[in-house]
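Work through the following exercises with the sequence and the 3D structure side by side. Each task is followed by a solution that proceeds step by step.

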Amino acid sequence: MELLLGVDVGTSSTKGVLTTPDGTVVATAVREHTVSSPQPGWAEHDAHDVWWSGFREVTRELLASHDAARVEAVGVSGIGPCALPASAAGGPLRPAILYGVDTRAVAEIDELTRRYGAEAIVERGGSPLTTQAVGPKLAWLRRHEPDVWERTRRLFMASSFLVHELTGEYVLDHHSASQCTPLYDSREHAWIDGWAAEIAPGLELPPLRWPGEIAGTVTASAAERTGLRPGTPVVTGTIDAWAEAVSVGVTDPGDVMVMYGTTMFLIEVLAQRRAWPALWGTVGVTPGTYDLAAGMATSGAVTGWLRDLTGGSYAELTEEARAAGAGAGGLLMLPYFAGERTPLFDPDARGLILGLTLRHQRGHLYRAALEATAFGVRHNLETMRSAGGAAKRLVAVGGGTQGGLWTQIVSDVLGRPQILPSVTIGACYGDALLAGRAVGLSAGEWNPPAGVVTPDPAAGETYDELYGLYRDLYPATRGAAHVLAALSRRMA
């Protein structure tokens with residue numbers, strides 16, 4: 001029986017899966033790794049030690065008990081958008097600068113926004129310049145590491161670097177390119193040569209393909225290092241969140257993926273291009289589609305902080321939060337513990353807990369954190385609707401869907417049901433699906449629903465009242481939060 005291999009490089013681990021063409025999971029493997037932070041606000045991965053090493057180790061484990069000759073295609077994805085400068089031969093020149101968690105290029109964001117104009121950038125690329133954008137990171141490299149830039153000829157992300165190591169091909173998918181703001185025109189599906197030449201002179205921008213297109217085949221050298229069969233097709237791949245959306249069937253206009261993790265991330269598929277200054281507008285995974293994306297800076301990170309602070313386990317805290325009931329005993333939280341991304345784009349926003357009394361316990365705090373992230377999801381979905389989204393169908397994914405309480409709170413706050421998929425392995429499962437489709441082996445519904453979270457109208461009434469307070473709280477405290485943020489930097 002034929003097999004499909006999917007491998008995804010995440011922020012903290014590399015995950016791989018072998019499936020049959022109908023989506024049956026045959027084997028999985030995981031390798032943990034860490035993010036390097038050599039300075040405050042920096043987040044980096046070593047391309048060889050993290051990306052390529054993780055791929056090789058995961059693949060060899062998967063193939064240890066399965067014949068590599070049965071693997072008909074390979075799919076890859078990874079964190080992004082990232083900026084890995086490389087030589088003309090494709091050799092990394094420094095560690096990769098990661099996506100929006102790396103905030104080093106704030107000055108370059110401001111400068112490029114003034115140079116090209118905020119409206120023009122959004123109109124051409126679909127997104128404003130933020131820490132998520134690749135263009136300012138390249139400008140930072142050129143300014144602060146001129147010796148590296150002098151040798152830089154190629155640009156990789158995690159998925160495209162894996163493709164290069166496997167096949168020798170230098171390519172990037174259209175979706176990842178659409179997050180290289182302001183270098184890519186999402187209307188024309190092409191690089192903006194003039195802006196690219198000004199921001200990144202001397203850089204050879206990669207040829208563009210769609211995530212599900214075959215980029216090349218496994219070389220003899222890569223086969224020796226991975227255990228794969230030489231000549232195995234490798235698809236172009238994409239950024240991990242979008243591969244995960246594919247894995248759960250979020251591919252049609254109106255579909256929305258709600259990803260519960262360390263941060264909360266949302267992707268809505270559109271039939272037409274929409275550009276909105278408070279969201280990320282991107283090209284879709286498949287030709288003819290576009291996306292609106294939103295991301296909170298923290299969600300599960302706050303619950304993890306509370307767990308570490310109080311000494312409770314997730315299971316204990318979840319049960320205590322469940323007992324606290326809707327409204328968390330009169331607590332309201334702003335979840336901006338690491339600033340906020342969409343729709344505020346405010347790195348100096350700060351967390352806030354309002355309504356504390358001596359009777360409140362850790363279960364109330366934990367419940368307030370879950371409710372705060374739910375309010376953040378509602379704020380982002382309302383912004384997506386203002387931008388032209390329809391949000392016809394919500395699909396919940398990620399580790400935070402376990403246990404049921406968090407997803408229930410989100411459905412209660414939204415007044416909307418959420419579909420729970422059968423397979424929740426993540427982006428690597430979507431990679432395998434894209435690989436199978438590329439070689440004509442995968443068809444039909446891979447990942448049927450396993451259940452539905454139905455909203456509770458009674459809880460919804462409480463949350464409607466609290467949501468109004470939530471929306472008022474940020475503008476009322478923004479000035480004080482910014483002063484405190486500046487003070488914390490001086491005291492660091």
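**Exercise 1. Find the surroundings of R341 and decide whether this residue is buried or exposed.**

Start with the contacts, meaning heavy atoms within 4.5 Å: leaving aside its neighbours within four places in sequence, R341 is in contact with Q132, T263, M264, F265, W280, G295, M296, A297 and D346. The model is a predicted one, in which local features need pLDDT of at least 70 and side-chain atom pairs count only at pLDDT 80 or more, while totals for chains, interfaces and linings use all residues. Residues are numbered from 1 along each chain as its sequence is written, and side-chain values use heavy atoms, with hydrogens and water left out.

Next, place R341 in the loop between β20 (332-334) and β21 (352-354), where strands (E, at least two residues) and helices (H or I, at least four) are DSSP runs numbered from the N terminus. Finally, R341 has a relative accessible area of 13% and is therefore buried, given that buried means under 20% relative accessible area, exposed over 50%, and partly exposed in between (1.4 Å probe, protein chains only).

**Exercise 2. Determine how many disulfides there are, and why C82 and C428 form none.**

Recall that a disulfide is a covalent bond between the sulfur atoms of two cysteines; here it is counted as a pair of cysteine sulfur atoms within 2.5 Å. By this rule the count is zero. The closest cysteine sulfur to that of C82 belongs to C180 and lies 9.9 Å away, so the distance is too far for a bond. For C428 the closest cysteine sulfur is in C82, at 18 Å, which is likewise too far for a bond. As for their exposure, C82 is buried at 0% relative accessibility, and C428 is buried at 1%.

**Exercise 3. Describe the largest nonpolar core and say which element gives the most to it.**

A nonpolar core is a set of buried Ala, Val, Leu, Ile, Met, Phe, Trp, Tyr and Cys residues joined through side-chain atoms within 4.5 Å. The largest has 154 residues, and those with the most contacts inside it are W51, F55, V74, L138, L166 and L228. The element that gives the most to this core is α13, with eleven residues. To follow one of the well-connected residues, take V74, whose contacts beyond four places in sequence include L5, F55, L166, L228 and A435.

Then turn to α13 itself, which spans residues 362-386 and contains R367. R367 is buried, with a relative accessible area of 6%, and among the residues that R367 touches farther along the sequence than four places are A321, R322, L405, I409 and Y463.

**Exercise 4. Establish which residues of helix α11 are buried and what covers them.**

Within α11 (residues 300-310), the buried residues are G300, V302, T303, G304 and L306. What covers these buried residues includes α12 (314-324), β20, α13 and α14 (405-414). To close the helix, look at G311, which follows α11 and has a positive phi, near 80°.
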